[in-house]
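Me: I am new to this structure and would like a close look at a single part, the open sheet. Could you walk me through how its strands are arranged and what lies around them?

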Amino acid sequence: MSQDHDQKTITVSVRVWRQAQGEKGGRFVEYEVADTPLEASFLEMLDILNESLVEKGEDPIAFESDCREGICGTCCLVVDGLPHGPSQCTTCQLQMRNFEPEAKITIEPFSTGAFPVIKDLIVDRSSLDRVIQAGGYITVHSGPKPEPNSVPIEHEIMEDALDASACIGCGACVAACPNGSASLFTSAKIHHLALLPQGQPERNTRVKKMVEAMDDEGFGSCRNYAECQASCPKGISIKYIGRMNSDYIKATVLDTDRRGSMHAT
Ligand code: FES
């Protein structure tokens with residue numbers, strides 16, 4: 001979709017989901033955004049549109065963003081039917097040069113049963129926070145700070161844990177899943193701890209609490225569509241879902257934490 005032309009600006013028409021705060025339904029509204037600089041990001045295009053709406057005395061489009069660097073995970077927009085849009089990056093990293101001149105772009109919120117719309121393009125994703133609160137942390141007292149090299153961790157395991165920890169909790173996996181499952185998010189949050197020595201003592205209780213919290217929040221179950229992996233801006237692998245399910249079964253059968261007895265695999 002990227003282009004190589006001499007133009008410095010682009011004119012696009014956008015079809016945006018507008019929903020008033022407190023309302024159950026909404027509608028698409030079309031706007032033209034003329035002369036957007038080609039070097040603008042997608043969110044900057046929305047800023048330009050909002051400035052023009054404010055100048056006309058209209059309500060600007062509500063959408064979330066914070067870092068605009070692909071770190072915080074707040075810029076949750078479905079662009080042309082895809083969470084975060086056509087490139088495998090966050091919405092804030094999407095560039096207008098990726099769109100054809102006079103493109104018609106549809107923008108919707110990350111709306112699923114567990115992510116109700118607050119206003120326009122903003123959804124309530126606090127259900128993901130509650131899954132973390134259920135057990136996505138380490139509470140064991142680790143004593144005085146040990147010398148880092150006294151706890152050797154194999155390079156492969158460390159890389160695996162770092163890959164899982166790349167999850168920014170944006171919820172694209174949930175929005176992409178036909179079943180609205182949060183399995184990719186939950187399994188990544190479980191495994192960046194479960195793979196490391198510090199995460200072992202609470203490994204069983206953590207997986208039980210987080211999987212049960214995920215179910216309680218109304219997320220759907222995983223049916224192996226793998227749309228979550230395809231839409232994840234951080235490339236989190238669905239292998240963590242398989243490991244989460246395996247850990248959950250072990251934890252349910254054992255029904256207790258076995259301090260240090262489960263290997264970091
Ligand atoms: S605004 Fe932070 S990841 Fe997009």
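Reply: Happy to help; here is a walk through the sheet, followed by a short look at a helix and a salt bridge.

First, a word on the source: this is a predicted model, where local features need pLDDT of at least 70, side-chain atom pairs count only at pLDDT 80 or more, and totals for chains, interfaces and linings use all residues. Residues are numbered from 1 along each chain as its sequence is written, and side-chain values use heavy atoms, with hydrogens and water left out.

The sheet is open and has 5 strands, in the order 2-1-5-3-4, with mixed pairing. Helices (H or I, at least four residues) and strands (E, at least two) are DSSP runs, numbered from the N terminus, and two strands pair if DSSP finds at least two bridges between them. At the edges sit strand 2 (27-37) and strand 4 (82-83), each of which pairs on one side only.

Let us start from the strand 2 edge. Strand 2 runs antiparallel to strand 1 (residues 9-18), and 9 bridges join the two. Within this pairing, R15 has E30 in strand 2 as its bridge partner.

Next comes the pairing of strand 1 with strand 5, which is parallel and spans 4 bridges. Here S13 stands opposite K104 in strand 5.

Strand 5 also pairs with strand 3, this time in the antiparallel sense, through 3 bridges. In strand 5, P109 is the residue opposite L77. As a general point, in a regular strand the side chains alternate between the two faces of the sheet.

Now for the helix. Helix 1 (residues 42-55) lies across strand 1, strand 2, strand 3 (77-79) and strand 5 (104-109). Its direction makes an angle of about 105° with strand 2. Contact here means heavy atoms within 4.5 Å; axes are lines fitted to C-alpha atoms, for helices over the stretch in contact, and angles run from 0 to 180 degrees between N-to-C directions.

The loop that lies between helix 1 and strand 3 holds D59. The side chain of D59 meets that of K119 in a salt bridge, at 3.1 Å from N to O; the term stands for a side-chain nitrogen of Lys or Arg within 4 Å of a carboxyl oxygen of Asp or Glu. K119 belongs to strand 6 (residues 117-119), so to speak of the pair is to speak of distant parts of the chain, 60 residues apart. The whole structure has 8 salt bridges.
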